[in-house]
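Thank you for making time for this. I would like to walk you through one structure, beginning with a pair of helices and working outward from there.

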Amino acid sequence: MSTIAERLAAAGTGNAIELRGVSRFFGALAALIDVTLSVRPGERRAVLGSNGAGKTTLLNCVTGDFPPSSGTVRFFGEDVTILPPHERIRRGLRRTYQISLLFQGLSVRDNVYLACRGCSRGRYSFIRTRANDAIMQSVADLISLVHLEAVADRLVGELAHGQQRQLEIALALAGAPRFILLDEPAAGLSPNERGDLVAILTALPSHIGYIIIEHDMDVALRVVESVTMMHNGRIFKEGAPREIEADPEVQQLYLGGGHG
Amino acid sequence: MALAQTTETPIGVGAQQRSVSPWIAKQAPNLLLGLVLVLLPAVANDFILDQILGWTLILGMIALSLMFLAGYGGMVSLAQMSVAGVSGYMIAVLGTSSLPKISLFWPWWVAAPLSIGIAVLFGTFAGALSARTEGIYTIMITLALAAAFFYLTLQNWPVFNGFNGFTTIPAPHFLGVNWRDPVPLYYMILFFAALSYAVVLYLSRSPFGLALQGVRDNPRRMEAIGYNVTAHRIAAYAFAALIAAVGGILMVWLNNQISPFSIGIDVVINLLVIAVVGGLSHPIGPFIGALIYVILRTFALDALVAVGLDGRRFQTLIGLGFLIIVLFSPDGVVGIWRRLSERARAAGGRNGA
């Protein structure tokens, strides 16, 4: 695991995420076509677009869940195109999933514990972790960060949808993340829970950047400084939230299209 | 498929209270059971000790290796009986048997560790073959391995001595104890069975065991939080193979023989039945399943004849029992026990309030 100094040094140079000519095909279907995108360290960006625009595929190519059919993916300058997902996680990349992908048979605490263990040494240890181990403190901190203390020992399968979404975010914050990919974190949340989510995201340490996919423009535009619009697998427009909102083409294609 | 639930104890709680008495209180059922099993030779005869309990503990161990993979890892491996078979055959080939042409007559302290090592390699190989598959495909691949090993032993004469197999493979004589005598043999089997049970129970709350349960619930997410799922699955197979391999050697020492029919497809299926009937959600399940199986196998014949039925129908009885358990309690006898105790606790809570 890298030290803070190393991370800051890395954060000062180059791009956090750089895609060059990335395409992804599913059989004859082109989900991503020649996408070139760069995101600076610490930058917070929204990726918007209608259903099927290729947003989630874009995230999957960055995390390695689906490798790109062509093109290269760099993470903090390092070519990670062919690395398996767990190797990218160890380099500080995190993600959440559109549909909650949690460990339903384990408690909230065990879920967060696994995420913390996953990016530390001893993840395959045969020795049980003591209650006074430093990692248990990080687990407790993350649980309180997403306001789940009251249900920490409940099975995840018993949690409400909103709580599962919050747990998704806790899992992505475990370890020392440098960059997080958030796939529709607000989907299915109540207005109150959305407010909590915005508070959690804006309170993240400033060196942690993220890409957020979000249909709820209120949430998305409040927590980012730049926006990438996608359409039919291509990048269609990039700019500041205000410019994108005001752009007539965008309004016609997306905001006016009944998706807003 | 029943899933292992180990959430009653949050991580580390228990380690937090370092005093001894809460630990004893929590372990009371295990300690009591252990005490009964240790004192049993004072009252039970050799038949009960070896043919009932010895068999139960050995089958329980081999089924425990299946339970570890299936309950915690979500991988139903039918190759575990074959892993036991490999170590059982190897102890006959490398050690002592009635076949001087094949057996090497190496001392037990060379032959036994080597046999276990070879069996663990075989089990790890089975894991490497099936780690990228899920569900029915894992079952098919491991079943194919079990069938292949059965036919190999049946048709190979130079090493496995074909369908005759090996006889006269006694437990060794060391520390001044003749371990082939019924009572020492019972204690040896009890020691290894209790050790495997305790280690599996302990591992279920270790990072290795918790991560395995994570792999069971959601392999893709495990990749996304930094685990190498394939490597982890293979490591789990290797650990499970260790338990099955020790069980295999004990099985040969108890029976004094091994042949292809000790590891045939029907035995492989019986092992799965034992694990499922007992319950895949807790390591005690396989031992309960094995006890039910051994008792049925030993006494059902006489009981059936006594009520005027054909004694050979005892397999039907086992099959019916399996159907009933799977229909009414997908997590086996352990699941029935859990539901009953929860109901009792709920009723007690109502009365108390």
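**How the helices, sheet and chains pack**

Let me start in chain B, where α3(B) passes α9(B) in a right-handed crossing. Please keep in mind throughout that what you see is a predicted model. Helix α3 of chain B covers residues 80-94 and helix α9 of chain B covers residues 229-255, and the two pack at an angle of about 50°, with 7 Å between their axes. An angle over 145 degrees would count as roughly antiparallel and one under 35 degrees as roughly parallel, while 65 to 115 degrees would be roughly perpendicular; α3(B) and α9(B) are therefore oblique to each other.

Which residues of the two helices meet here? On the α3(B) side they are Gln80(B), Val83(B), Ala84(B), Gly85(B), Val86(B), Ser87(B), Gly88(B), Ile91(B) and Ala92(B), and these meet a set in α9(B) that includes Ala240(B), Ala244(B), Gly248(B), Met251(B) and Val252(B). Taken by class, the contact of α3(B) with α9(B) has twelve nonpolar residues, six polar ones and no charged ones.

The helix α9(B) has another partner, which is helix α6 of chain B, residues 182-203, and here the angle is about 165° and the axes are 11 Å apart. With that angle, α6(B) and α9(B) are therefore roughly antiparallel to each other, and the crossing of α6(B) past α9(B) is left-handed. From α6(B) the contact draws on Leu185(B), Ile189(B), Phe192(B) and Ser196(B), while α9(B) brings Ile243(B), Val246(B), Leu250(B), Trp253(B) and Leu254(B). Eight of the residues in the contact of α6(B) with α9(B) are nonpolar and one is polar, with no charged residue.

Let me now turn to chain A and its sheet. Six strands form an open sheet in the order β6-β7-β8-β3-β9-β10, and their pairing is mixed. Which strands of chain A lie at the edges? They are β6, residues 93-95, and β10, residues 234-239, each of which pairs on one side only. From one strand to the next, the twist averages 20°.

Within that sheet, strand β7 of chain A, residues 179-183, and strand β8 of chain A, residues 209-213, pair in the parallel sense over five bridges, and Leu182(A) stands opposite Ile212(A) in β8(A). Helix α2 of chain A, residues 55-63, lies across β3, β6, β7, β8 and β9 of chain A, and its direction is at about 150° to β7(A).

On a broader scale, the domain assignment divides chain A into domain 1, made of 1-92 + 177-260, and domain 2, made of 102-175. Their C-alpha centres lie 25 Å apart, and the contact between them takes twelve residues from domain 1 of chain A and 14 residues from domain 2 of chain A. On the domain 1 side, α3 and α7 of chain A each supply at least two residues, with α7(A) giving the largest share, three residues. That side of domain 1 divides into seven nonpolar, two polar and three charged residues.

Finally, there is the contact between the chains, which takes 36 residues from chain A and 31 residues from chain B. On the chain A side, the elements giving two or more residues are α3 and α4 of chain A, and α4(A) gives the most, with seven residues. The chain A side comprises 18 nonpolar, nine polar and nine charged residues.

Note on methods
Residues numbered from 1 in each chain as written. Chains lettered and ligands numbered in written order. Predicted model: local features only at pLDDT ≥ 70, side-chain atom pairs only at ≥ 80, totals over all residues. Contact = placed C-beta atoms within 7 Å. Helix = DSSP H or I, 4+ residues; strand = E, 2+ residues; numbered from the N terminus. Nonpolar A, V, L, I, M, F, W, Y, C, P; charged D, E, K, R; others polar. Domains from an automatic or database assignment. Axes fitted to C-alpha atoms, helices over the stretch in contact; angles between N-to-C directions. Left-handed = near helix turned anticlockwise from the far one by under 90°. Pairing = 2+ DSSP bridges.
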